[in-house]
Number of protein chains: 2
Amino acid sequence: MRSGKSVKVALLGCGTVGTEVVRLLRTQAADLTARVGAPLELVGVAVRRLDRHRRAGVVPSELLTDDAMGLVERDDVDVVVEVVGGIEPARTWLTTALKSGKSVVTANKALLAEDGATLHEAAAEGNADLFYEASVAGAIPLLRPLRESLHGDRITRVIGIVNGTTNYILSRMHATGAGFTEALEEATALGYAEADPTADIEGFDAAAKAAILASLAFHTRVTVADVYREGITEVSAADVASAEAMGCVVKLLCVAERHTDPDEPESVSVRVHPAMIPRTHPLAGVGEAFNAVFVEAEAAGRLMFYGPGAGGAPTASAVLGDLVAVARNRLAGARAASESNYAALRIRPMGEVRTRYHISLDVDDRAGVLATVAHVFADHGVSIQAVRQEGRGEDALLVIVTHQATDAALRATVQALAELDTVRQVAGVMRVEGEQ
Amino acid sequence: MRSGKSVKVALLGCGTVGTEVVRLLRTQAADLTARVGAPLELVGVAVRRLDRHRRAGVVPSELLTDDAMGLVERDDVDVVVEVVGGIEPARTWLTTALKSGKSVVTANKALLAEDGATLHEAAAEGNADLFYEASVAGAIPLLRPLRESLHGDRITRVIGIVNGTTNYILSRMHATGAGFTEALEEATALGYAEADPTADIEGFDAAAKAAILASLAFHTRVTVADVYREGITEVSAADVASAEAMGCVVKLLCVAERHTDPDEPESVSVRVHPAMIPRTHPLAGVGEAFNAVFVEAEAAGRLMFYGPGAGGAPTASAVLGDLVAVARNRLAGARAASESNYAALRIRPMGEVRTRYHISLDVDDRAGVLATVAHVFADHGVSIQAVRQEGRGEDALLVIVTHQATDAALRATVQALAELDTVRQVAGVMRVEGEQ
């Protein structure tokens, strides 16, 4: 900590979240000073378009700069807060800051999930703090509990809803019976989906968060490339209706699991995909754009964390929480626990992960069809939990829910079913999660 | 940190929680060592009855002692874990440990709520860590988020279910229509209630937890003496039926609020009492012996934390989480953020707190009664939100739900109603929480 009395903060980015950070630093100044033990002083804000921010007037003009790297390298900066996002130039800024001993608070899930190792190594090199609570599930305190509260326990599973946009869309599909496209249009009109919603609806955003959660939960490095990912664009109104018929709701889930088999080394799997979960599961009640994460640990049991997963103010709350922590550490000359990745567990590929499938088939409505279909399941070693058949004249809808089997076996089963003469169409395939 | 390579742990108490702590220290040893950076070594376990524990065989005999104070004072002890409970001798042990620079991890809610100041002062004197996640809501990571994650935000309200025994009893009363006594008997038979259930059913346990939560949430000192407290022994089957009739459930709530009125200094109120909350409130779905706490913060919005609130393993998980944190701090020569009580807010007495009442009256069934009753409310400045009347021959049941008013005004209203000739009996009074 340098000789000045305040902790000097550089802010990179001043969009929705950055603006809220600036506002909270100003309106909560007295409380923040008391909690840190010294004032948090905003010494510079780097933005892309100076003229626009000068006009907006949120940040005093003399603090604005379009030279982010210059700001990061300033000798008097103690902490760098980054709310720009994306891989570059954020990675260069943050590694520069960390290596020179500046603490970093970031909301950048994409960077952490793609190349967290580089950031953690830079933090270790500079003996600096790297905090990123805002990168997952907005204001919900989730990373700190995983990183600290539960580190005396053994986490076995993390299952959550970590993308508000897709949760809003799926909730609307259930409420109105609308198809995906229609529900997306509504979400866009109401501001729940961005103009380009790809990162949300294709599951990229959730996959990045899943990688971050899994790394912390299992003390091992997981990158976004390790995460199996399916978005919700293929979820149909028929899938939603089918889920309701069996007392379920469709959610885009992230699931991170520890696998402990007696005859092989421990491994983890991490996946993001739509799934049916029973209405009685606590995650089923998480509506609109809210987020919630279930954590299962050997001693603690099942814990749930719930709250707003996005938005300027909630995300800024998480940033400020981290900022107070790193500022206190600087004043104390201390550093928080660094990355814990000692476990170095194998990533289990999706084909080896055991899940359950819900399969809807359009079949000829005649004798022997069910027997033929059942044979295909048996041939692949997949056990059937429930069958429902609805005659519709010449054809019938056959709905099958399986017991757990490897994803590879289930995929091969679906493939083989599609090739049957009596199967007109595989109308829908979706995984089923929650207690069997 | 002394020269030895391990972090040396003394355990005070070896009941349900202590036994689980010993078990986890053994079974998770490799993981704990990796996370701490050195082994956690159990160097002594203080118990009251040596012979019983020698026979039980959970703890190696050479570690057992009945001299807790001697164990606390041993030079080679780094961390003292206390799971005995009660005010004395726990306070003497822990202040001795803290003043001599030993870190303390405790689950002792009674001591923290009655005289936390003494412990915090001893921790400051000895420059030692004082952690107590296990004191509230078992394994649910709640104190650390309040103490750290949200300290960049401004918490306005904490509302929670923090006692599993009473939540189990009230859940059963709803499920079966049973009265309090019958439901308590069932809870006792199933092990959800202790042989002497006073601390739970009279709200003392919840009041202690409420004091701890409020202190952390509002950065001010709140002791159990500051907490308004009512237990659930007066809750009747009729109250439960009445709650259901208006779409509510009865829960024993702890409510801690920050009061910001323009014309007076900021204050806080903390209370524990049964209340009706709407079925749509997320706390309404918290069943059996589970705990859940809602935290409302200005920027973060509404967050919920949910999980098992008690039990040996969950509580031990919280103890171990704290133990890893303080052990890491010792190795780093650091100390966590100490008590933050700068706000020094006034405690608002219950009479000044604004709540809503649900009042059931047995009245004469004749003209003019409602007018007379309504007059009493008006005279006390209490506004009525809803009225429901059920004729039953000569008398009638009159149910009134009020808008918000001060608790003093509501009490005075009930008092005046009881004195009316036309009111045969005030059959039930319960507060109503949740959105109006």
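**View 1. Strand 12 of chain A meets strand 12 of chain B.** In this predicted model, the two strands are joined by three bridges and run antiparallel. Strand 12 of chain B covers residues 301-308. Look for Phe305(A) here: facing it from strand 12 of chain B is Phe305(B).

**View 2. The side of chain A that touches chain B.** Stepping back from the strand pair, you can follow the contact between the chains, where 47 residues of chain A are in contact with 47 residues of chain B. On the chain A side, the elements that give two or more residues are helix 1 (16-27), helix 2 (29-36), helix 7 (143-149), strand 12 (301-308) and helix 13 (312-332). Helix 13 of chain A supplies the largest share, with eleven residues. As for chemical character, this side of chain A divides into 27 nonpolar, ten polar and ten charged residues.

**View 3. An open sheet of six strands in chain A.** If you trace the strands across this sheet, their order is 3-2-1-4-5-6, with parallel pairing. Strand 3 (64-65) and strand 6 (130-131) of chain A stand at the edges; each has a single partner strand, so one side of each is left without a neighbour in the sheet.

**View 4. Strand 5 beside strand 6 in chain A.** This close-up turns to one of the edges, since strand 6 of chain A is an edge strand. Two bridges join it to strand 5 (residues 103-106) of chain A, and the two strands run parallel. A handy residue pair to pick out is Val104(A) and Leu130(A), which stand opposite each other, with Leu130(A) in strand 6 of chain A.

Methods
Residues numbered from 1 in each chain as written. Chains lettered and ligands numbered in written order. Predicted model: local features only at pLDDT ≥ 70, side-chain atom pairs only at ≥ 80, totals over all residues. Contact = placed C-beta atoms within 7 Å. Helix = DSSP H or I, 4+ residues; strand = E, 2+ residues; numbered from the N terminus. Nonpolar A, V, L, I, M, F, W, Y, C, P; charged D, E, K, R; others polar. Pairing = 2+ DSSP bridges.
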